[in-house]
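Morning, everyone. I have one structure to go through, mostly its strands and a few residues in them. Please have a look at the display first.

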Amino acid sequence: MRCRSCGAENERTALTCMECGELLDHRLENDRTMALPPVEVEEEVGPFEAIAQREPSLVVTKGPYVGQRFDLTKSEVTLGRDPGSDIFLDDITVSRKHAQILVEGAELLIEDVGSLNGTYVNNERVERRVLAEGDELQVGKYKLVFVPAKR
């Protein structure tokens with residue numbers, strides 16, 4: 001079992017870390033993101049047409065919650081499997097803290113925050129990228145389309 005404090009590998013039965021003495025939490029042992037190849041999901045929304053809206057948003061087009069729209073109203077929006085994320089994506093292919101969307105001036109950027117399976121824009125793995133209308137984001141098995149605000 002790996003210590004979350006110092007990273008040292010310990011015996012499975014150890015109660016404390018051999019290196020730093022930190023108490024090992026065995027309850028978290030099965031709470032890890034699994035590394036998987038990119039996932040194809042069978043159900044998908046057909047051609048996407050955005051409706052007029054005041055806020056930029058992400059619309060789920062593939063995976064659970066197809067059709068759900070997430071308005072991007074904050075200067076920093078978090079995406080992940082952590083229930084405290086602004087956009088909660090509940091699947092083992094999504095890291096707890098997977099990505100974030102940042103507002104920089106008039107631009108919105110997607111930034112991977114160290115996820116295991118990566119963040120993709122238009123099928124290209126990215127660390128940080130400006131979003132354009134119609135860009136397709138993939139976070140785990142979820143695909144979301146970016147829709148800018150309509151003025």
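Before any residue, a term: buried means under 20% relative accessible area, exposed over 50%, and partly exposed in between, with a 1.4 Å probe and protein chains only. This is a predicted model, where local features need pLDDT of at least 70, side-chain atom pairs count only at pLDDT 80 or more, and totals for chains, interfaces and linings use all residues. Residues are numbered from 1 along each chain as its sequence is written, and side-chain values use heavy atoms, with hydrogens and water left out.

With that term in place, take Asn 123. At 58% relative accessibility, Asn 123 counts as exposed. Asn 123 sits in the loop between strand 7 and strand 8; strands here are DSSP runs of E, at least two residues, and helices are runs of H or I, at least four residues, all numbered from the N terminus. Although not a glycine, Asn 123 has a positive phi of about 65 degrees. Asn 122 belongs to the loop between strand 7 and strand 8 as well. Its phi is also positive, about 50 degrees, and Asn 122 is not a glycine either. Asn 122 has a relative accessible area of 36%, so it is partly exposed.

Now the strands on either side of that loop. Strand 7, residues 119-121, runs antiparallel to strand 8, and three bridges join them; two strands pair if DSSP finds at least two bridges between them. Tyr 120 has Arg 125 as its bridge partner in strand 8. In strand 10, the bridge partner of Tyr 120 is Gln 138. Strand 7 and strand 10 are joined by three bridges and run antiparallel.

Which way do the residues of strand 10 point? In strand 10, residues 136-139, Glu 136 and Gln 138 point one way, Leu 137 and Val 139 the other way, and all are buried. Strand 10 is joined to strand 11, residues 142-147, by four bridges, again antiparallel. Leu 137 has Leu 144 as its bridge partner in strand 11. The two strands, 10 and 11, form a hairpin with two residues between them, and Gly 140 in the turn has a positive phi of about 60 degrees.

These strands belong to an open sheet of six, in the order 2-1-11-10-7-8, with antiparallel pairing. Strand 2 (69-71) and strand 8 (124-126) are at the edges with a single partner strand each, so one side of each is left without a neighbour in the sheet. From one strand to the next the twist averages 30 degrees, where axes are lines fitted to C-alpha atoms, for helices over the stretch in contact, and angles run from 0 to 180 degrees between N-to-C directions.

On to the other sheet. It is open, with five strands in the order 4-3-5-6-9 and mixed pairing. Its edge strands are strand 4 (87-88) and strand 9, each pairing on one side only. Strand 3, residues 76-80, pairs with strand 5 in the antiparallel sense over four bridges, and Thr 78 has Gln 100 as its bridge partner in strand 5. Strand 5, residues 99-104, pairs with strand 6 in the antiparallel sense over six bridges. Val 103 has Leu 108 as its bridge partner in strand 6. In the hairpin of strand 5 and strand 6, with two residues between the strands, Gly 105 takes a positive phi near 65 degrees. Strand 6 also pairs with strand 9, residues 128-130, in the antiparallel sense over three bridges.

Why is strand 6 largely enclosed by the rest of the structure? Five of the six residues of strand 6, residues 107-112, are buried, so the strand is largely enclosed.

Glu 111 lies in strand 6. With a relative accessible area of 18%, Glu 111 is buried. Opposite Glu 111, in strand 9, stands Arg 128. The side chains of Glu 111 and Arg 128 are joined by a polar contact of 2.9 Å; a polar contact is a pair of N or O atoms within 3.5 Å, where within protein one must be able to donate a hydrogen and the other to accept it, and residues adjacent in sequence count only if both atoms are side-chain atoms. The side chain of Glu 111 makes another polar contact, at 2.5 Å, with the side chain of Gln 100.

That is the last residue on my list.
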